[in-house]
Amino acid sequence: MSVDAQPVSELPDPRNFGLPVVAEDELPEELRTLVARVHDLVDAVAHTEADTSELARASAAVHELTERLNVKRRDVGAMLERPRADGGTDYQTLTNVVSGVSNPAAVPLVLEETEDGVRSEFTLNGTYQGPPGLVHGGWIAALLDQALGSASAAAGMVGLTANLDVNYRNPTPLNAPLEITARVTGAERRKVHVSGEIRHNGEVTAEGTAIMVRLVAPS
Ligand SMILES: CCCCCCCCCCCC(=O)SCCNC(=O)CCNC(=O)[C@H](O)C(C)(C)COP(=O)(O)OP(=O)(O)OC[C@H]1O[C@@H](n2cnc3c(N)ncnc32)[C@H](O)[C@@H]1OP(=O)(O)O
């Protein structure tokens, strides 16, 4: 199987797909701080045992805040544009639920390029719980999907997941350091084959393979 990769500098421009683009330096630091605080808020709400009057006050404050923020909303599908170390340009979905920098529900997963693909270290709080003390299997699949898609994009082949196959080898713990890695293993025509793993203390907890189908820019 051969790898028919485009140079990364030729990643498709989301504007060609009709998507709005936000430059990284246009994203206010205040938004990043708000996102981090709401991320912590979700965990706090999920686990609070505060008394009922405190819950009522918090509920009213959050409702009022939601109305204030909804006064001006960004378009769905907005993409974040950031410069790459190699001089090219990287694009990410701003509100991506796994890694979007403006999404408080995101992990967030910051994937860095390695010699053969992408890698990240991260920790999941109780928000991502499935079985007691363990990460939800659907989120494990989502994390692998994102890493596999990013490995394909990092190799110059941006695509959508056509097929995702996940094997859960060991429980994935909450509130513990995790590592995710992914790489391209082959490509034919528009199909890109990718594989990846999640590890805890060096032991694989889950592994996945996927077929990404490369996007074709509208003519
Ligand atoms: C720029 C900024 C954006 C940047 C956006 C980057 C975001 C990455 C985000 C992370 C990943 C996601 O969550 S993606 C979200 C979840 N995925 C989706 O929503 C995708 C939904 N599915 C689709 O839209 C479609 O089925 C596609 C695009 C996958 C394929 O449709 P298509 O474009 O018409 O392609 P098609 O001709 O059918 O197939 C092309 C080749 O792929 C093969 N193929 C097609 N489907 C499958 C399949 N399920 N399993 C195996 N192989 C398949 C075909 O046999 C063929 O191989 P051959 O004949 O050449 O041998």
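Two residues are in contact if their C-beta atoms, placed from the backbone, lie within 7 Å. This briefing uses that criterion on a predicted model. Applied to Ser-99, and leaving aside its neighbours within four places in sequence, the criterion gives contacts with Gln-92, Ala-106, Val-107, Pro-108, Leu-109, Leu-111 and Gln-146. The model contains an open sheet of 6 strands, an open sheet of 3 strands and a ligand with 18 residues around it.

**Sheet of 6 strands**

- The strand order in this open sheet is 4-5-7-8-9-6, and the pairing is antiparallel.
- Strand 4 and strand 6 are the edge strands, each pairing on one side only.
- Helix 3 packs on the sheet and touches strand 4, strand 5, strand 6, strand 7, strand 8 and strand 9. The direction of helix 3 makes about 130° with that of strand 8.
- Strand 5 (residues 117-122) pairs with strand 7 (residues 178-188) in the antiparallel sense, over 6 bridges.
- Along this pairing, Val-118 stands opposite Ala-182 in strand 7, and Ser-120 stands opposite Ile-180 in strand 7.
- Strand 7 also pairs with strand 8 (residues 191-200), again in the antiparallel sense, over 9 bridges.
- Ile-180 has Ile-198 as its bridge partner in strand 8, in addition to standing opposite Ser-120.

**Sheet of 3 strands**

- Here the order is 1-2-3, the sheet is open and the pairing is mixed.
- Strand 1 (21-23) and strand 3 (89-93) stand at the edges with a single partner strand each, so one side of each is left without a neighbour in the sheet.
- From one strand to the next, the twist averages 30°.
- Strand 1 and strand 2 (residues 79-83) pair in the parallel sense over 3 bridges, with Val-22 opposite Leu-80 in strand 2.

**Ligand shell**

- Of the 18 residues around the ligand, Gly-149, Leu-160, Ala-162, Asn-163 and Arg-189 come nearest.
- Helix 3 (137-154), strand 6 (159-168) and strand 9 (203-214) are the elements that give two or more residues to the shell.
- Strand 6 gives the most, with 4 residues.
- By residue class, the shell divides into 10 nonpolar, 4 polar and 4 charged.
- Arg-189, one of the residues that come nearest to the ligand, takes a positive phi near 50° in the hairpin of strand 7 and strand 8. This hairpin has 2 residues between the strands.

**Loop residues with positive phi**

- Asn-175 is found in the loop between strand 6 and strand 7 and has a positive phi of about 55° although it is not a glycine.
- Asn-175 counts as exposed because it has 12 C-beta neighbours inside 10 Å, the cut-off for exposed being 12 or fewer.
- Asn-201 lies in the loop between strand 8 and strand 9. Its phi is positive, about 50°, although Asn-201 is not a glycine.
- Asn-201 counts as exposed too, because 10 C-beta neighbours lie inside 10 Å.

**Buried loop residues**

- Ser-99 lies in the loop between strand 3 and strand 4 (112-113).
- Ser-99 is buried because 22 other C-beta atoms lie within 10 Å, where buried requires 20 or more.
- The C-alpha atoms of Ser-99 and Ala-147 are separated by 9.6 Å, with the two residues 48 apart along the chain.
- Thr-172 is found in the loop between strand 6 and strand 7, the loop that also holds Asn-175.
- Thr-172 counts as buried because it has 25 C-beta neighbours inside 10 Å, whereas Asn-175 counts as exposed.
- Leaving aside its neighbours within four places in sequence, Thr-172 is in contact with Leu-134, Val-135, Ile-140, Leu-178, Ile-198, His-200, Thr-205 and Ala-206. Ile-198 is also the bridge partner of Ile-180.
- Thr-172 and Leu-19 are 153 residues apart along the chain, and their C-alpha atoms are separated by 35 Å.

**Record annotation**

- UniProt lists residues 133-204 for "domain: Thioesterase", in an unreviewed entry.
- Over residues 133-204 the chain is 25% helix and 46% strand in the model. The end C-alpha atoms of this range are 18 Å apart.

Conventions: Residues are numbered from 1 along each chain as its sequence is written. This is a predicted model: local features need pLDDT of at least 70, side-chain atom pairs count only at pLDDT 80 or more; totals for chains, interfaces and linings use all residues. A residue is near a molecule or strand if its C-beta atom, placed from the backbone, lies within 6 Å of it. Ala, Val, Leu, Ile, Met, Phe, Trp, Tyr, Cys and Pro count as nonpolar, Asp, Glu, Lys and Arg as charged, and the others, Gly among them, as polar. Two strands pair if DSSP finds at least two bridges between them. UniProt positions are given in the numbering used here, feature names are shortened, and annotations may be inferred rather than shown by experiment. Axes are lines fitted to C-alpha atoms, for helices over the stretch in contact, and angles run from 0 to 180 degrees between N-to-C directions.
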